[in-house]
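Here are a few exercises to work through with the model open beside you. Try each task before you read its solution.

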Amino acid sequence: MCLALPALVTEVLPDDMAKVEIGGVRQTISLALVSDVAPGDYVIVHVGYALTRLDPAEAEKTLALFAELGVTAAGPA
Amino acid sequence: MKYIDEFRDGALAKGLARAIAAEADPARSYRLMEFCGGHTHAISRYGLEDLLPPNVRMIHGPGCPVCVLPIARIDAAIWLARQDGVTLCTYGDMMRIPASGRISLLKAKAEGCDVRMVQSTMDALALARRHPERQIVFFAIGFETTTPPTAVALKQAQAQGLGNFSVFCNHVLTPPAIAAILDSPEAGSENGVRLDGFIGPAHVSTVIGSRPYEPFADGYRKPVAIAGFEPLDVMQAILMLMRQINDGRHAVENEFIRAVTREGNAKAQALMAEVFRLRDTFEWRGLGLLPRSALAIRDAFAPWDAERRWDVPDQPVADNKACECGAILRGVKRPAECKLFGTACTPDNPMGSCMVSAEGACAAHWTYGRFRTAGKERRP
Ligand code: SF4
């Protein structure tokens, strides 16, 4: 129910709608809950609506932190 | 898939598991509640409990929206589906929840009621436009994630003067449910649900932000870590909570910074505030009547409120006595402790709500966990 997936916005359509791609599957969703979304942005989609934008820079930072934690923990602690 | 696969990487998971093992103080036990059913599902699906030291225990919380809706509200939806000219539509999971007399919306459909599954409120509005001769009632459920889409639908119905559309509103709020768990008499008791920290929901938090959890950190002195739904997100949040516990800190931390801010989604919050008001009280399965924990439709949208269009029945109904969903939703019992689990109750033939949705603790344990834990029950 609460599951939602990151989707790539491929086209912004009239009436606050957009075309997105989720793992190769195309879908039309609503942008009524977000502002200033452009093609190329990633949004998190839930029951047909974009809930928020996904920040690629923060995603990279989080992944880098995971990698670093694993390396530190493997060291002579 | 971008932003999904990277957060499921096995090598990174092993590294995080090492970091968690290194952080675990053998002199302590860590009892962490994942509030949200999406996290329950991820923990079971990826076998995260197997990667945790024995003194770190995950406790499932009440954040499965399908699970917490009481039988009376499902009875009411079935009652609505039986009214003349009504087409009742709802999200898929709601169709199979057993209500009084083990009737579900699916059974009502088999009996001839017009019940439809929709993917989105937009589908419900489209049905109303296509079928002006029918009364389209959207059976709305869910936490703050699913509420803004219902608000958008009500705004559109009003703007378009769609007289044959209405919403049976059952939206509930996350913070009062967390407070109810912490305030419950079981919270302090020996056999009850002692909690050392919370994993905060992912997508609910994209809407409400991280600020609403601050009272739990400040007032209740419980650490909170908001996490995304992928397995690495959950592991990182567990590590963040363990660090806070070891340091004696209690703050709201945010692992899901790629999507959650402190303020949340202001546009969605404004829409919710415009369309909905707080109910004085609302019944939750397992948690009972909780004050100011659910939303009703504001007077400005009264013509689209199914509870005003029909005299919807509203009598409380007792849960099936043998079903332990209530205790499971409070974090007091685990699915395998229910006598019906896996015998009388399976996903194909659910007796209680927790066995229906993929996010329900019983369904998640049935699908992914039952073989793993068969030989090695542990309980620090
Ligand atoms: S196994 Fe079935 S009957 Fe038992 S608590 Fe879970 S949903 Fe209820």
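A polar contact here is a pair of N or O atoms within 3.5 Å, and within protein one must be able to donate a hydrogen and the other to accept it. Keep in mind that this is a predicted model.

**Exercise 1. The interface**

Work out what kind of contact chain B makes with chain A.

Solution. Start with the residues: chain B puts in 45 and chain A puts in 39. Next, the area: the two chains bury about 3,600 Å² between them, with 71% of that on carbon and sulfur atoms. Now the polar side of things: eight residue pairs are in polar contact between chain B and chain A, both residues being at pLDDT 80 or more. Salt bridges between chain B and chain A come to zero. On the side of chain B that touches chain A, the residues split into 24 nonpolar, 11 polar and 10 charged. Helices giving two or more residues to that side of chain B include α1 (10-23), α7 (147-159) and α11 (231-247).

**Exercise 2. The five-stranded sheet**

Find the strand order of this sheet in chain B, then say which strands stand at the edges.

Solution. Going across, the order is β2-β1-β7-β8-β9 in an open sheet, with parallel pairing. β2 (56-63) and β9 (252-254) of chain B each have a single partner strand, so one side of each has no neighbour in the sheet; these are the edges. On average, neighbouring strands are turned by 25° against each other, direction ignored. Zoom in on one pair: three bridges join β7 (residues 197-200) to β8 (residues 224-226) of chain B, and B:G200 has B:I226 as its bridge partner in β8(B). Helix α2 (residues 37-45) of chain B packs on this sheet, touching β1, β2 and β7, and its direction makes about 120° with that of β1(B).

**Exercise 3. The four-stranded sheet**

Do the same for the sheet with four strands in chain B, and add the helices α6(B) and α7(B) that pack on it.

Solution. The order is β4-β3-β5-β6, again an open sheet with parallel pairing. β4 (114-117) and β6 (165-171) of chain B are the edges, because each has a single partner strand. Inside the sheet, four bridges link β3 (residues 86-90) to β5 (residues 135-142) of chain B, and B:L88 pairs with B:V137 in β5(B). Then the helices: α6(B) touches β3, β4, β5 and β6 of chain B, at about 170° to the direction of β5(B). α7(B) touches β5 and β6, at about 155° to the direction of β6(B).

Definitions and conventions:
Residues numbered from 1 in each chain as written. Chains lettered and ligands numbered in written order. Predicted model: local features only at pLDDT ≥ 70, side-chain atom pairs only at ≥ 80, totals over all residues. Heavy atoms only, no water. Contact = heavy atoms within 4.5 Å. Buried area = accessible area lost by both parts, 1.4 Å probe. Salt bridge = Lys/Arg side-chain N within 4 Å of Asp/Glu carboxyl O. Polar contact = N/O pair within 3.5 Å; in protein donor to acceptor, adjacent residues only side chain to side chain. Nonpolar A, V, L, I, M, F, W, Y, C, P; charged D, E, K, R; others polar. Pairing = 2+ DSSP bridges. Axes fitted to C-alpha atoms, helices over the stretch in contact; angles between N-to-C directions.
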